[in-house]
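Please open the model in a viewer and keep the sequence panel visible. The tour proceeds by selections, each followed by a description of what is found there.

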Amino acid sequence: MTTTINDILNRKPLDAQVYDRSDLEKTSGCPFEAKAIRDGKVKDVSMLADVGIEGHRLLAESLESVDENYLDLVDYLENELPTARPDIQPEVIKSLRGATEELRKIDPGRIIGIEKQYSTEFLKATRNHGAIVLTCCQDLLLAGKDETVVILFDWKTGYKRRTSTDAQSDFQTCFYSWILFRELPKVQTIHFFYEQTRYGTRAYAKLERERDYYNFEGRIQETVRLRMEDSNEAWPGMEKCCWCCVTAICPHVVGEALELNKDKEGYLNQYIALKARVAAIERGMKAHCKKHGEIRSGNQVFGYKETKKIVSYKLYVDKPDKTNNEDE
Ligand code: SF4
């Protein structure tokens with residue numbers, strides 16, 4: 001049957017696809033992991049993730065339960081903390097106590113949003129796919145000195161300790177900031193703070209529309225492309241694989257990471273035993289050196305280099321003497 005122009009005009013648009021930050025962040029790190037989670041092959045569960053979810057649930061509940069008065073919200077939240085899920089309640093209290101103290105210091109007049117969902121259409125619907133909508137929930141957004149500046153706070157309850165350099169390059173920073181630049185066209189500068197509640201520290205990044213917008217857009221565009229293709233490319237790396245929840249079923253996992261995730265206690269015991277063995281080997285070689293001199297294997301030498309007065313035995317690479325070479 002031939003397709004008429006009316007068929008095309010009357011065609012029902014495909015449903016929009018909504019991509020959230022967490023899925024895209026995983027896709028940007030290793031698409032294989034993100035897809036395995038989406039396909040339900042593994043569950044990305046951990047006690048700390050549950051603490052985060054529970055904390056955000058209480059915050060959202062507080063928002064719904066009080067009217068405009070912001071300090072009532074903080075009071076409500078503090079009162080509600082003890083009612084958190086009992087198995088993780090102490091961790092939830094620990095992670096949100098600092099946050100409520102910070103909230104008290106803030107001038108309520110500057111609050112633009114708490115737990116505010118921002119969504120933006122990244123790609124329009126075509127014949128092949130529905131509109132691609134990106135979405136994220138931002139913890140606390142404040143007005144800056146004027147309408148060109150905003151301040152964004154994100155509470156992190158986990159063990160990851162970001163430096164300000166990490167904060168600048170995190171996918172979350174890129175994603176949240178790009179959405180804000182897009183949704184708030186007058187904003188030129190974003191001051192982004194990660195509040196690391198476990199440590200009482202913060203990591204900071206300053207984002208500028210002129211410098212960062214298109215770089216962020218490019219990173220998001222490539223990530224969205226991988227997501228739309230449902231890519232299962234794998235990008236292994238020790239840092240990533242060591243805390244990935246997919247290691248048990250991933251054929252690309254770095255060997256050391258697989259061993260670590262299979263049996264953490266055993267892995268630590270192995271490390272302790274290896275350290276003890278290395279220490280014993282070193283002691284033996286030092287004793288040997290004292291009587292017979294250095295031990296060589298190619299240009300690797302265990303011995304000592306004469307410094308001024310200190311004699312310290314260690315492994316070093318024997319490099320040709322520059323002065324002798326120049327003389328030749
Ligand atoms: S184990 Fe490594 S390679 Fe495999 S999905 Fe996880 S991060 Fe990617």
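The stops below run from the domains to a helix, the ligand and some single residues.

**Domains**

The model is predicted, and its chain is divided into three parts that may be coloured separately. Select residues 11-42 together with 108-231 for domain 1, 45-105 for domain 2, and 269-317 for domain 3. With domain 2 and domain 3 both displayed, a distance between their C-alpha centres gives 54 Å.

**Helix H9**

Next, select residues 209-228, which form helix H9. At 1.5 Å a residue, its 20 residues should span 28 Å, and the end C-alpha atoms are 27 Å apart, so the expected and modelled spans agree.

Within H9, highlight Arg209, Asp212, Phe216, Ile220, Thr223 and Arg227, which are buried. Turn the view to look down the axis of H9: the buried residues fall within an arc of 90°, and therefore line one face of the helix.

What do these buried residues pack against? Show strand S1 (17-20) and helix H2 (21-29), then helix H8 (171-183) and strand S6 (201-208); the buried residues of H9 pack against these four elements.

Now rotate to the face of H9 turned away from its buried side. Exposed residues are carried there, namely Glu210, Tyr214, Asn215, Gly218, Gln221, Glu222 and Arg225.

**Just after H9: Asp230**

Move on to Asp230, in the loop between H9 and H10. Asp230 is not a glycine, yet its phi is positive, at about 55°. Is this residue buried or exposed? Asp230 counts as exposed because it has 12 C-beta neighbours inside 10 Å.

**The ligand shell**

Centre the view on the ligand and display the 13 residues around it. Those that come nearest are Cys30, Pro236, Cys241, Cys244 and Cys250. Helix H3 (31-38) and helix H10 (238-241) are the elements that give two or more residues to this shell. Coloured by class, the shell shows nine nonpolar, two polar and two charged residues.

**Cys30**

From the ligand shell, select Cys30, which lies in the loop between H2 and H3. Cys30 counts as buried because it has 22 C-beta neighbours inside 10 Å. Which residues does Cys30 touch, not counting those up to four places away in sequence? The contacts are Ala234, Trp235 and Lys240.

For a long view across the model, add His292 to the selection. Cys30 and His292 are 262 residues apart in sequence, and their C-alpha atoms are 52 Å apart in space.

**Glu115 in strand S2**

Select residues 111-123, strand S2, and pick out Glu115 within that strand. The phi of Glu115 is near 50°, a positive value in a residue other than glycine. Glu115 has 15 other C-beta atoms within 10 Å and so is partly exposed.

**Arg182 in helix H8**

The last stop is Arg182, found in helix H8. Since 17 other C-beta atoms lie within 10 Å, Arg182 is partly exposed. Finally, add Leu58 and draw a line between the two C-alpha atoms: Arg182 and Leu58 are 124 residues apart along the chain, and the separation is 29 Å.

Methods
Residues are numbered from 1 along each chain as its sequence is written. This is a predicted model: local features need pLDDT of at least 70, side-chain atom pairs count only at pLDDT 80 or more; totals for chains, interfaces and linings use all residues. The expected span of a helix is 1.5 Å times one less than its number of residues. A residue is buried if 20 or more other C-beta atoms lie within 10 Å of its own, exposed if 12 or fewer, and partly exposed in between; C-beta atoms are placed from the backbone. The arc is that of the directions from the helix axis to the C-beta atoms. Two residues are in contact if their C-beta atoms, placed from the backbone, lie within 7 Å. Domain bounds come from an automatic or database domain assignment. A residue is near a molecule or strand if its C-beta atom, placed from the backbone, lies within 6 Å of it. Ala, Val, Leu, Ile, Met, Phe, Trp, Tyr, Cys and Pro count as nonpolar, Asp, Glu, Lys and Arg as charged, and the others, Gly among them, as polar.
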